[in-house]
Amino acid sequence: MQATLSIVILNWNGRKYLEKFLPSVLASGYPSFEVIVADNASSDDSVAFLQTAFPTVKVLQLPENYGFAKGYNEALKQVHSDYYILLNSDVEVEPGWLHPLMALIQRDDTIGACQPKILMYDNKASFEYAGAAGGWLDSLGYPFARGRVFDFCELDHGQYNDNAPVFWASGAALLVRAKLYHELGGLDEFFFAHQEEIDFCWRMQLAGYKVMVCPASVVYHVGGGTLPKGNEWKVFLNFRNNLVMLAKNLPLYQSIWKIPLRFLLDSISAWKSLFDGQGTYFKAILEAHIGFMGWLVFRHRKSVFPKSKKGALNGWYSGSVVWQHFVKGKKQFSEIVADKK
């Protein structure tokens, strides 16, 4: 029997993206799938537009803006399929992008999730920030990717065209087993947005499942569609959520020294930004540290913790990507991890 597949797009005031990119999603060329837009209480005319222009697309209207994590959790409670694809509204997909993804995940029951190759919409020769050709994590919790190290995105010359296990798959285009999504507790709603997919994939690996990248599937991501780069709220979420993720998933003997070290490194970054005239960045990091302490003392019980910590981790870099990139000047993923691709 054909496995059921639902592509679920979370929308918040993204009418222009839906109008531009939904046609490519609907023309994906897979034998059977449905497209669902979960609307996070948009104040624009997204819902009315969808009902008129795309009557075959199912619309789920959420009562308020739950953010990325809770928005998907609430929406997926109402979606009954074997597989979900969480897809950003600002993503254009290539025809046939679904076939290699579905073939990969269906031939190995230990694969819990996978992502396509993600390239820039405005420069299709370049990897895109949010996932590139599969995400990695370094020993202090800094995320990077095959094709993207901090803000440096490589040109795509086919250098990462192999199916490979990775640490995390991008929430911009994430294929996941539906049953597993719910068994693991879904995305951590405390995160609201940013790095929730890294935390989810970490918990998935600890539970004994693999996360993969499938570069034969290609999509193009605009990026920054909801919050622009450098936005104070975005900086706050990234720094706070990263610390929460470490506290939840690291073994205690590692977290007791790695989290204080991260506080120090974050503070160095904050003071440097202040001296460079970026007071907003400084303020956001300070608030992120306060927010993390608040979570640790008062709100940690609201988070989703790993079911197990026994699974092996792929895509884990035992060194420091900060040292390799900012001190040693290495820009490319392959320079940093050498033969660990």
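**Helices and strands.** I started with the secondary structure of this predicted model and counted 11 helices and 14 strands in the protein. Next I looked up the radius of gyration, which is 19 Å; the globule rule gives 20 Å for 341 residues, so the protein is as compact as a globular protein of that length. I also checked the C-alpha trace, and along its principal axes I found a span of about 50 × 45 × 40 Å.

**Inside and outside.** How much of the protein is buried? I found that buried residues make up 54% of the 341. Turning to the surface, I noted about 14600 Å² exposed, with 56% of that area supplied by carbon and sulfur atoms.

**Contacts along the chain.** I took the contacts between residues at least 6 apart in sequence and saw that 76% of them join residues at least 24 apart.

**Charges.** My tally gave 34 positive and 32 negative side chains. The centres of these two sets lie 6 Å apart.

**Cysteines.** How many disulfides does the structure hold? I found zero. I then followed up two cysteines, keeping in mind that a disulfide needs sulfur atoms within 2.5 Å.

- Cys153 has its closest cysteine sulfur in Cys201, but the distance is 19 Å, too far for a bond. Cys153 counts as buried because its relative accessibility is 16%, and the cut-off for buried is under 20%.
- Cys214 has its closest cysteine sulfur in Cys114, at 6.2 Å, and that is also too far for a bond. With 1% relative accessibility, Cys214 counts as buried too.

Definitions and conventions: Residues numbered from 1 in each chain as written. Predicted model: local features only at pLDDT ≥ 70, side-chain atom pairs only at ≥ 80, totals over all residues. Heavy atoms only, no water. Helix = DSSP H or I, 4+ residues; strand = E, 2+ residues; numbered from the N terminus. Rg over C-alpha atoms; globule rule 2.2 N^0.38 Å. Buried < 20%, exposed > 50% of the residue type's maximum accessible area, 1.4 Å probe, protein only. Contact = heavy atoms within 4.5 Å. Areas by Shrake-Rupley, 256 points an atom, 1.4 Å probe, with all protein chains shown as cover. Lys, Arg positive; Asp, Glu negative; His and termini not counted. Charge placed at Lys NZ, Arg CZ, Asp CG, Glu CD.
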